[in-house]
Structure formats: C-alpha cells, structure tokens
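Here are a few exercises to work through with the structure open beside you. Try each task before reading its solution.

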Amino acid sequence: MNKFIFQTKINFKRIVLRNKAFFFFDMLLPIVFYILYTKILVSNVPVSYLKVWNKDYLVSMMIYACMLGGIITTANTFLEDQMSNFKLFVTLSPLSNFQYYGSMSIVLITLNLVSSIALTTVAMIVNHVSISIGLLFELISINLLGTTLLILIGVLISFARKPNTVNLLTNLVVFPLAILSGLWWPINIMPTWLQNIGKVMPTYQLSVIDKNILHQTTQHIGPFINLLIWSFIIFLILFTVNKIQKEKGLVTQ
C-alpha cells in the first residue's frame with residue numbers, strides 16, 4: 001500500500017507539478033467557454049431561460065473539462081511514458097501494472113475533480129448559480145465515474161505511439177465529440193441526422209444524467225446502459241490492441 005501511495009505521489013508530480021501549463025489549459029478552456037456562452041453571447045436570451053441555461057451549460061463544461069483531462073492529458077501522459085521508457089521502469093520495479101494504471105487513474109480523476117470545482121466556483125461568482133452541496137456532490141461523482149470511460153479512450157489513443165498521430169487523434173475525438181454531444185451549443189440546433197448521431201455518444205448520455213440530477217427529474221436506465229456499452233466496447237478494443245502490440249513486441253506489458 002505504501003508503494004502504491006508513493007507511486008501516486010510521483011505520478012501527481014509528473015503530471016501536474018512538472019506540466020503546470022497543460023493543467024492550467026485543461027481548466028482554463030472550459031471556463032472561457034462557460035463565460036463566453038453565458039455572459040457574452042446571450043444578449044437576446046430571455047432572463048427566465050437564461051437561469052436554466054447557466055446551469056445546463058455548467059454541466060456541459062464540466063463534462064468537457066473531463067474530456068480534456070480524461071482523453072488529451074491521459075493520451076499524452078501515457079505516450080510520454082512509452083517514449084521515455086517509464087513503463088519499462090514500472091515493469092522492472094516491484095510495482096505491478098495494475099497499480100501503475102490505478103495510481104495514474106487516481107491522479108487524472110483528481111485533476112478532473114479540481115476542474116469541476118473550479119468551474120462551479122466561476123458559475124457561482126459570475127452567474128450566481130445556486131446548487132446545493134448534495135446535488136453538486138452527485139454531479140461531480142457521476143462525472144468522475146464517466147471520466148473512467150474517457151481515460152480508457154485516452155489510453156487507447158496513446159497506443160498510436162507517435163506524438164503527431166496521438167495529437168491528431170485526440171483532436172479528432174475530443175472536439176467533434178464535444179460538438180456532436182451538444183456540449184458547446186444545444187444539440188437541437190443541429191440537423192436531425194447529426195442529432196441522431198450525437199444522442200448515442202457517451203458524453204451526451206452523461207449530460208442527460210447530469211441534467212436529470214441538476215433539475216431533479218426522473219432518471220431512466222437508457223443513459224446508464226449506453227455508458228456501460230461504450231465502456232465495454234472501448235475496453236474490448238483496448239484489450240485487443242494491447243494484445244496485438246504485445247505479440248509484435250511493441251509494448252512491455
């Protein structure tokens with residue numbers, strides 16, 4: 001247990017303290033989007049709807065922040081570990097691969113927790129959004145569980161093993177996924193065929209769960225099943241790719 005805690009501290013220092021600019025970017029971009037779409041580009045929006053919009057868009061940006069941390073930060077961190085042979089060091093050390101991935105997940109989830117709290121603080125100060133501690137705890141808890149799926153996607157992308165390819169894939173996944181899921185603007189303003197695609201995306205379903213919590217409306221099992229199916233699909237692809245790369249001698253674990 002002490003070795004696991006020690007490894008988690010090392011990973012925290014590697015990901016955050018030695019890469020402050022990237023961590024700052026992960027938090028800053030969703031905050032900028034939140035302020036832009038709730039204070040600047042809402043001149044003709046009725047006040048009654050604006051109160052709902054400010055809360056809903058907070059949820060969207062919390063999920064978007066989790067996407068930045070869960071996919072982009074994860075992919076780049078694991079790629080850096082591959083290129084620097086840090087994973088080989090883990091393989092040769094008493095620390096198991098399970099502990100390595102577990103400690104990394106804890107750090108990445110913690111970063112998303114900090115981002116969610118920062119966004120909520122901005123929403124409360126800028127737009128006077130009022131959310132009870134209980135609801136906020138539920139929202140953040142659900143988002144952090146959803147982060148697990150996003151981390152799996154990030155790990156999968158890191159298997160591309162080339163910085164240019166990884167950067168291209170993260171951009172091709174994160175930004176279109178944010179748009180299709182209705183995180184940047186309402187999904188109902190898009191063409192019907194795009195809405196149909198967007199509504200099966202895991203991030204859209206996560207936003208549905210969050211908004212039901214936020215507005216205290218009835219939850220349905222559909223969004224949870226969607227997230228489980230996506231998690232199974234990504235895990236299966238990840239397992240298959242890892243097995244293939246092992247056979248080719250491209251990975252050390």
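Before starting, one definition: a helix axis here is a line fitted to the C-alpha atoms over the stretch in contact, and the angle between two axes runs from 0 to 180 degrees between N-to-C directions. Keep in mind, too, that this is a predicted model.

**Exercise 1. Work out how H6 and H10 lie against each other, and which residues meet.**

Step 1. Start with the geometry: H6 packs on H10 at an angle of about 25°, and their axes are 10 Å apart.

Step 2. Now put a word to that angle. Angles under 35 degrees count as roughly parallel, so H6 is roughly parallel to H10.

Step 3. Look at the handedness: H6 passes H10 in a left-handed crossing.

Step 4. Find the partners. H6 brings Leu 149, Leu 152, Ile 153, Val 155 and Leu 156, and they meet Leu 227, Trp 230, Ser 231, Ile 234, Phe 235, Ile 237, Leu 238 and Val 241 in H10.

Step 5. Sort them by class: this contact has twelve nonpolar residues, one polar and no charged ones.

**Exercise 2. Describe the packing of H5 with H6 by angle, handedness and residue class.**

Step 1. Locate the helices: H5 covers residues 97-127 and H6 covers residues 133-158. They pack at an angle of about 140°, with axes 10 Å apart.

Step 2. Name the arrangement. Roughly antiparallel would need an angle over 145 degrees, so H5 counts as oblique to H6.

Step 3. Check the crossing, which is right-handed as H5 passes H6.

Step 4. Pick out the contact residues. From H5 you get Ser 105, Leu 108, Ile 109, Asn 112, Leu 113, Ser 116, Ile 117 and Thr 120, while H6 offers Leu 136, Ile 140, Leu 144, Thr 147 and Ile 151.

Step 5. Classify them: eight are nonpolar, five polar and none charged.

**Exercise 3. Find out how H9 and H10 pack, and what makes the contact.**

Step 1. H10 spans residues 221-247, and H9 packs with H10 at an angle of about 150°, their axes 9 Å apart.

Step 2. H9 passes H10 in a left-handed crossing.

Step 3. On the H9 side, the contact uses Pro 202, Gln 205, Leu 206, Val 208 and Ile 209; on the H10 side, Pro 223, Phe 224, Asn 226, Leu 227 and Trp 230.

Step 4. By class, that's eight nonpolar, two polar and no charged residues.

**Exercise 4. Track down the largest pocket and say which elements line it.**

Step 1. Begin with its volume, about 710 Å³.

Step 2. Head for the middle: 28 residues line this pocket, and the closest to its centre are Thr 148, Leu 149, Leu 152, Phe 235 and Leu 238.

Step 3. Ask which elements give two or more residues to the lining: they are H5, H6, H9 and H10. H10 gives the most, with nine residues.

Step 4. Split the lining by class, and you get 19 nonpolar, eight polar and one charged.

**Exercise 5. Do the same for the largest cavity.**

Step 1. Count first: there is one cavity of 30 Å³ or more. The largest cavity holds about 40 Å³ of space.

Step 2. List its lining: Gly 146, Leu 149, Leu 150, Pro 202, Thr 203, Leu 206 and Leu 227.

Step 3. Assign the elements: H6 and H9 (202-214) are those that give two or more residues.

Step 4. Finish with the classes, which come to five nonpolar, two polar and no charged residues.

How values were computed: Residues are numbered from 1 along each chain as its sequence is written. This is a predicted model: local features need pLDDT of at least 70, side-chain atom pairs count only at pLDDT 80 or more; totals for chains, interfaces and linings use all residues. Side-chain values use heavy atoms; hydrogens and water are left out. Helices (H or I, at least four residues) and strands (E, at least two) are DSSP runs, numbered from the N terminus. Angles under 35 degrees count as roughly parallel, over 145 as roughly antiparallel, 65 to 115 as roughly perpendicular and the rest as oblique. A crossing is left-handed if the near helix is turned anticlockwise from the far one by less than a right angle, and right-handed if clockwise. Contact means heavy atoms within 4.5 Å. Ala, Val, Leu, Ile, Met, Phe, Trp, Tyr, Cys and Pro count as nonpolar, Asp, Glu, Lys and Arg as charged, and the others, Gly among them, as polar. On a 1 Å grid over the protein atoms alone, a cavity is a set of points where a 1.4 Å probe fits but cannot get out, and a pocket is an open set with protein on both sides within 12 Å along at least five of seven lines; lining residues have an atom within 4 Å of a point. Grid points are joined across faces, edges and corners, and a volume is the space filled by probe spheres set on the points.
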